[in-house]
Amino acid sequence: MTTFTELALSKPVLSAITRIGYEQPSPIQAAAIPHLLEGRDILGTAQTGTGKTAAFALPALSNIDLKVEAPQVLVLAPTRELAIQVAEAFQNYASDMRGFHVLPIYGGSSMSGQLRQLQRGVHVVVGTPGRVMDHLRRGTLKLDKLKTVVLDEADEMLRMGFIDDVTWILDHTPAERQVALFSATMPAVIRKVANTYLNNPEEIKIEAKTATVSSVTQRYWKAVGTNKLDAMTRILEAEDFDGVIVFVRTKTLTVELAEKLEARGHRASAINGDMSQQLRERTIEHLKKSKIDIVVATDVAARGIDVARVSHVINYDIPYDTEAYVHRIGRTGRAGRTGSAILFVAPRERNMLRSIEKATRQTITPMELPSREQVQTRRIDQFKASIDKALEQSDLSIYSDLIEAFVKEREIAPEQVAAALAFMAQQDRPLVMEEPRKPERRDSRDATPGFGDEERRPRRERKEETFSGESIAMERFRIEVGHDHQVKPGDIVGAIANEADLSSAYIGRINLLDDHSTVDLPAGMPAEMLQLLKKVRVRNQPLNIQSQGAADDFVPGAKSPRPKRKGPPNRGGDRPNNRRDSRNDGGRRR
Ligand code: AMP
């Protein structure tokens, strides 16, 4: 087992990943990082979710000379979304490298902004092929100091018709540069590119070993529309569980999540690699003895847990590979019992789901989140069962006498007393769950798209998958957080989506400025929502959101179109003639 400290990464990179809470390199990281640090070329078969971004970003950052204010690393990515994500990952891993600059460049975003930043000096450029070519042709992007080129999702770039652009760009890089090519699949064309442009590359492939897991029922929940914590608490309400192990990717999240589960009335503890062996063992002992029911763990910490009462494994974060998955779900279904495994899968992680199914030769069945009604019925059943139990097991004569006297004294019906007691007993878990608050609506046509409550959510969830493609009216808001506060679009999307219960697909263009930013949201936001958002803090700044009036219309859920292009690469931007493209370009990610 390799540790990050053994990997000879630079000090600031190591301190950043420690703070982020990564415990152990993922298999692709353990395999790729040493070679990349040595300067070798890499041909890696890896898909999203394996940790491939860090596999190339961590060594690339370790090799950067901050004093040289010219692009030293160039990452080519097929889509604007991926370019932004990768740039954000670099920023995150470089948070202890003072003066470090990364710039995402992609079609549709302002050329002048990019030019300004390029002139100011950036160390890493992450871009889509078309826009990178543009800058190279204009001479605004200079690659003479380039040390490393990364081709991320090379098969996607091929599929989208970018491969000629990619090779054109490679032809314009210094001969001595290092190339790391990552691809989920290795079609012949990609192999040919590798043969032509890579110098004796180290091939890295994380083999999916097949394994059988028969005593475990496996389900997955498509993680859209509801946040994962809410989803998990709902699932825990509806499932018959005894012991549960929840798997997450970072040490920090083990602690955070255990605390949140406790706050929601569960008996939960965290275990992670930072904790002493003794403390971990004590926690497992507590799980065994039913002093706690839920353990939130990282893969490393949960290795070898053998507790027969573990009825459920929840894969809150998807594992990096199928082996980790098989290992995780093997924590349940032990000692001749059956077990249940639930996997949360974000849309972009779908490929990993398929790989797992292939490796385990089993289908993982989709599951719906339990509805409010189901949760309510279950609470009522449990309540009734607890009454039965008390009636059966305890001598209640003293209490019967007391209640009888009370009923006479107050001249009320016994069921009213029972009702009051039920209320007291169930204060934290109401038996009748309130209808969620409805947003103010002028009439049905005026209803604010995207904002809503539980009741409207199913419609949104469906919509999230199959947006109609129709544009909706948007309003521009000023928020008091910007570059000066090191904010990232993801922070803003996350905060607004959570606080306003607004699906992130409805959050439009975000423009980051120095001391403030603007964000486009569906027009006609309910007043109480606005009040709520004013107080929300991002990077410790109250948003103090203020309307600036109407903004351009927006197509919710609009994905970047993927035109097939033929012929020599000679266009201006990545995707010309596309209105959507020029709109939602403000660096937001979904
Ligand atoms: P990727 O495959 O690059 O899209 O990464 C998938 C997710 O795994 C990202 O959210 C990363 O933050 C996370 N991640 C990558 N490496 C590690 C690691 N060693 N430990 C924990 N999480 C990681």
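This report covers two sheets, the helices that pack on them, and a ligand site. The model is predicted.

**The parallel sheet**

Seven strands make up an open sheet, and their pairing is parallel. Across the sheet the order is S10-S11-S9-S12-S13-S8-S14. Two strands stand at its edges: S10 (268-271) and S14 (365-366). Each of these has a single partner strand, so one side of each is left without a neighbour in the sheet.

Helix H12 (residues 277-288) packs on this sheet. H12 touches S9, S10, S11 and strand S12 (310-315). The direction of H12 makes about 150° with that of S10.

Strands S9 (residues 243-247) and S11 (residues 294-297) run parallel and are joined by 4 bridges. One residue pair shows the register: Ile245 has Val295 in S11 as its bridge partner.

A further helix, H14 (residues 322-329), lies across strand S8 (216-222), S9, S12 and strand S13 (339-345). H14 runs at about 155° to S12.

**The antiparallel sheet**

Another open sheet has 4 strands, in the order S16-S17-S15-S20. Here the pairing is antiparallel. Strands S16 (510-512) and S20 (546-554) stand at the edges. Each has a single partner strand, which means that one side of each is left without a neighbour in the sheet. From one strand to the next, the twist averages 25°.

Within this sheet, S15 (residues 472-479) pairs with S17 (residues 517-522) over 6 bridges, in the antiparallel sense. Glu475 stands opposite Leu521 in S17.

Helix H20 (residues 489-499) lies across S15, S16 and S17. H20 runs at about 135° to S16.

**The ligand site**

Which residues are closest to the ligand? They are Tyr22, Gly49, Thr53, Arg249 and Tyr320, out of 15 that surround the ligand. By class, the shell holds 4 nonpolar, 8 polar and 3 charged residues.

Both side chains and backbone supply polar atoms here, as these distances show.

| Protein atom | Ligand atom | Distance |
|---|---|---|
| Tyr22, polar side-chain atom | oxygen | 2.5 Å |
| Gly51, polar backbone atom | oxygen | 2.7 Å |
| Tyr320, polar side-chain atom | nitrogen | 2.7 Å |

How much of the ligand does the protein cover? On its own, the ligand has 500 Å² of accessible area, and the protein covers 81% of that.

Technical notes
Residues numbered from 1 in each chain as written. Predicted model: local features only at pLDDT ≥ 70, side-chain atom pairs only at ≥ 80, totals over all residues. Heavy atoms only, no water. Pairing = 2+ DSSP bridges. Axes fitted to C-alpha atoms, helices over the stretch in contact; angles between N-to-C directions. Contact = heavy atoms within 4.5 Å. Near = heavy atom within 4 Å. Polar contact = N/O pair within 3.5 Å; in protein donor to acceptor, adjacent residues only side chain to side chain. Areas by Shrake-Rupley, 256 points an atom, 1.4 Å probe, with all protein chains shown as cover. Nonpolar A, V, L, I, M, F, W, Y, C, P; charged D, E, K, R; others polar.
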